[in-house]
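User: I am new to this structure and would like a friendly tour. Could we look at it together?

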Amino acid sequence: MRSPDSSYDVQITHGRIPYSPCSVYSDTSTVGSSTPGRRRISVAARSVAGIFVRCFVPPETKISTFSVADSEEFKAPSVVSDGSRAGSERSRRGGSNRGVYATSNNSTHRREPGSVIFTMEEIFRATRNFSPSFKIGHGGFGTVYKGTLDNGTAVAVKRGKKSISQLDKHLGVEFQSEIRTLAQVEHLNLVKFYGCLEHEDERVVVVEYVSNGTLRDHLDCINGNILDLAARIDIATDVAHAITYLHMYTDHPIIHRDIKSSNILLTAHLRAKVADFGFARLAAETDSGATHVSTQVKGTAGYLDPEYLRTYQLTEKSDVYSFGVLLVEIVTGRRPIETNRELNERITAKWALNKFLEEDAISTLDPKLECTTANRSTFAKILELALQCLAPRRQNRPSMRRCAEILWGIRKDYRELTALDCHSLSSHSQRNASRREG
Ligand SMILES: Nc1ncnc2c1ncn2[C@@H]1O[C@H](COP(=O)(O)OP(=O)(O)O)[C@@H](O)[C@H]1O
Ligand SMILES: [Mg+2]
């Protein structure tokens, strides 16, 4: 639900969230299992655990306050077409490896925001008049349909709700935000933008169709297949790359603001694509000395950065916090807020971190995953990274780029460990076979 509920808002934003001096975190810290590192993480875990209590709100509640002028919501810069600005951005961020994250953004296919305008007839043809049988999803913005363009391309068609009163204005802002962001970005791990339509009370966004459901669907096993840990690490890494791209490699840093498992779409090969840019907005221009943007709180309960909730100051690190919640979700399989559980298990991240402090983190591993040596040690590393992302103060959270690097290392180690597991398993079974033969 994207409708605002001021009672939640007041409850969250006016809660005094205790600040503890968490200098134990640093952007350069790595996830490892050394004792000092563990101690650091444990101290951090204690301060993180305290913060969840104040942030309890019902699950999947879309939060959107109305306190700040909407016109400020997304003042997208015009797309920079000469290389100079992009070049200075790159050098400012110290990144010369744009190619790692970017795809063909510098090609002649560069799109201006909203330049691909569909007609209502095309949209009707693509979706067979918004046939209910083509419905594939539903969210705060409206209903999503599968469609086929005249050239045969499979697309997802997001049709905005025709709502009334003040909400309408906000859905309009979301629509603008989504098309402006989508039109500027291009990355393998972001849904591709095909175009849009705004006509009278119709608002439609057309994006690439991603065929295999959401990450949440897969964690819930709705198609009967268990997502193994290797696939989960790949998905987390894909998401980290996508957010890194938004934070570092776009002409102006973009904050997604709604990173969560139901906004992560999976391809047939289980690669992840981040969707839903309805809450996206531009980050502060650090060249001008600004450290954050002050803006209304938007996001989904359970994933929201407590510091942003408290101060209304938004930075890229709010996405890092949400990513930390997502990592906990990926390894435990649980939703960030599980209202049907016992009180101490309702906020999944808090529960997992408390278990971590009790040195019983392994009991929070998704029961659907095998408890092999490789899975156990990799699970611990991912949980430690999540803990860093969930640091109460933003300066103690790693950058998204650092998260991607750490995950990359975790992935490499996991592959080596599983190869070892397989090796020892096959030599063990060979020994057994020769014993039987002997
Ligand atoms: N590109 C897509 N391909 C396939 N399914 C999609 C696509 N985009 C959205 N969906 C489905 O529709 C749901 C809602 O879409 P989303 O973009 O998150 O809209 P909202 O802004 O309303 O939350 C998603 O959770 C997903 O199930
Ligand atoms: Mg969504």
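User: How many nonpolar, polar and charged residues does the shell around ligand 1 have?

Analyst: Happy to start there, and note that this is a predicted model, in which local features need pLDDT of at least 70, side-chain atom pairs count only at pLDDT 80 or more, and totals for chains, interfaces and linings use all residues. Residues are numbered from 1 along each chain as its sequence is written, while chains are lettered from A and ligands numbered from 1 in the order in which they are written. Ala, Val, Leu, Ile, Met, Phe, Trp, Tyr, Cys and Pro count as nonpolar, Asp, Glu, Lys and Arg as charged, and the others, Gly among them, as polar. By class, the shell around ligand 1 has 10 nonpolar, eight polar and three charged residues.

User: Which residues of the shell are the closest to ligand 1?

Analyst: A residue belongs to the surroundings if its C-beta atom, placed from the backbone, lies within 6 Å of the molecule. In total, 21 residues surround ligand 1. The closest are G137, G139, F141, A156 and D276.

User: Where does ligand 1 lie with respect to domain 1 and domain 2?

Analyst: The domain bounds come from an automatic or database domain assignment. Shell residues come from both domain 1 (28-99 + 212-421) and domain 2 (106-208), so ligand 1 lies between them.

User: Which strands each supply at least two residues of that shell?

Analyst: Strands here are DSSP runs (E, at least two residues), and helices are runs of H or I with at least four, numbered from the N terminus. The strands that each supply at least two shell residues are β2 (135-138), β3 (142-148), β4 (154-160) and β6 (202-208).

User: Which strands stand at the edges of the open sheet?

Analyst: Strands pair if DSSP finds at least two bridges between them. Five strands form the open sheet in the order β2-β3-β4-β6-β5, with antiparallel pairing. One side of each edge strand is left without a neighbour in the sheet, because each has a single partner strand; these are β2 and β5 (193-199).

User: Which residue in β3 stands opposite G137?

Analyst: β2 and β3 pair in the antiparallel sense over three bridges, and a hairpin joins them through three residues. Opposite G137 in β3 stands V144.

User: What is the angle between helix α10 and helix α11?

Analyst: Axes are lines fitted to C-alpha atoms, for helices over the stretch in contact, and angles run from 0 to 180 degrees between N-to-C directions. Angles of 65 to 115 degrees count as roughly perpendicular, and α10 and α11 are therefore roughly perpendicular to each other. Helix α10 (residues 316-332) and helix α11 (residues 348-357) have axes 10 Å apart and pack at an angle of about 70 degrees.

Note on methods
Parallel < 35°, antiparallel > 145°, perpendicular 65-115°, else oblique.
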